[in-house]
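Colleague: I have a protein chain to go through before the next group meeting. Can we take it in questions and answers?

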Amino acid sequence: MMEPTSRNRFAYRVTAQEVRFVADTATPKYAFFGGEIVPFDQAKVSVMTHAFNYGTGVFEGIRGYWNGEAETTYIVKLREHFLRFLKNCKMMHITVPYSVDELMDVSVQLVEMQDMRGDVYLRPIAYKSSETIGVSMEGVADALTIFASTFGNYVDIDRGLSVCVSSWRRTEDNAIPARAKVTGNYVNSALAKNEAVVNGYDEAIVLNPQGFVAEASAANIFIVRGRTLITPGFSDDILEGLTRDIVTQLAKDELGLETRERSIARSELYYADEIFFAGTGVQIASVTSVDHRNIGNGEVGPITGALQRLYFDAVKGRNPKYMEWLTPVKSHALAGSETLAAS
Ligand code: PMP
């Protein structure tokens, strides 16, 4: 139920029963904002900001995993995230005056300063920042912010998910490109996810305008048939996911399984032996039912389970073969964090 808050009859809050699975997110301590690292509560934008009004922001979601034995946070595919980010900024005519290396350095600094000794989530957003009315992006200024937060599991990965095929279609490439990771496009994700949750499902599978499987609301999808992994290709209105790359490589190198990129028809979902989602947020999440039809025998499948274990070993820095995916942030750097913050 929504109830008016006591102080303002136009402000509403949601009661606890309505929140089904919300990842544990703590308020960040700092943000990179206006070209410097500032206390988080100073990172504020005006309600007139172009991106706030029109969704003209490009963002990333990046995880870092805390490895207690190594006293190190391992940030996953940091360089690749910023390479994608800058490509997407170019698509949106957003200028970011920093190189990939500089963006990585700021991110590492934020993780050091946040002093979490736990898993971390980095959220860079480059956005159209002018306070102006009108959708044109010509002459509109750009800005960049990055903050680091805690972030628990986005979906429950300890059991299989019950999902539906959404009644909402993925935005097509000639409307709002899914690959762009642009804030405005997440209206599409929000509608699909919300519909799924209010109907009692954990997640949604979204079809593209041609009726083929695109992805989940915020993750890529794989189906397993026999010993082959199948995932939609880049022309199926998907985000070019980095976890998708990780899965493909782990499947090949560690399990000897090939991944085929091709369109997947809706009814093929019900035929699959296993289905799982892959994304920075969801990590590797098993799907055990689609539209009330069990996938396989309705339990987490052996290939999904194996990939989940391989994934966590790799991203937590427990498999030396995949250390090149990780940017280590040693916790001894934490000692200097307050000095840095004060300067
Ligand atoms: N698709 C969408 C729509 C997403 O939001 C995400 C999460 N970034 C993904 C796929 C997975 O991408 P990645 O593995 O790079 O996080």
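Colleague: What percentage of the residues in the protein chain is buried?

Modeller: This is a predicted model, in which local features need pLDDT of at least 70, side-chain atom pairs count only at pLDDT 80 or more, and totals for chains, interfaces and linings use all residues. Residues are numbered from 1 along each chain as its sequence is written. A residue is buried if 20 or more other C-beta atoms, placed from the backbone, lie within 10 Å of its own, partly exposed below that, and exposed if 12 or fewer do. Of the 343 residues in the protein chain, the buried share is 43%.

Colleague: Which helix gives the most to the largest nonpolar core?

Modeller: A nonpolar core is a set of buried Ala, Val, Leu, Ile, Met, Phe, Trp, Tyr and Cys residues joined through C-beta atoms within 7 Å. The largest one has 90 residues, and Leu110 and Phe222 are among those with the most contacts inside it. Helices (H or I, at least four residues) and strands (E, at least two) are DSSP runs, numbered from the N terminus. With six residues, the top contributor to this core is helix 7 (residues 302-315).

Colleague: Which residue in strand 9 is the bridge partner of Phe32?

Modeller: Strands pair if DSSP finds at least two bridges between them. Strand 3 and strand 9 (residues 142-149) run antiparallel and are joined by three bridges. Leu110 is in contact (C-beta atoms, placed from the backbone, within 7 Å) with residues including Phe32 and Ile146. In strand 9, the partner of Phe32 is Ile146.

Colleague: Which residue in the hairpin of strand 3 and strand 4 takes a positive phi?

Modeller: Strand 3 (residues 30-33) and strand 4 (residues 36-39) run antiparallel, joined by four bridges. Ala31 stands opposite Val38 in strand 4. Two residues lie between the strands of this hairpin, and the positive phi, near 65°, belongs to Gly34.

Colleague: Is Asp237 buried or exposed?

Modeller: Most residues other than glycine have a negative phi. Asp237 is not a glycine, yet its phi is positive, about 60°. This residue lies in the loop between strand 14 (228-231) and helix 5. Because 26 other C-beta atoms lie within 10 Å, Asp237 is buried.

Colleague: Which helix gives the most to the shell around the ligand?

Modeller: A residue is near the ligand if its C-beta atom, placed from the backbone, lies within 6 Å of it. The ligand is surrounded by 14 residues, with Leu239 and Thr243 among the closest. Three residues of the shell come from its top contributor, helix 5 (residues 242-255).

Definitions and conventions. Two residues are in contact if their C-beta atoms, placed from the backbone, lie within 7 Å. Lists of a residue's contacts leave out its neighbours within four places in sequence.
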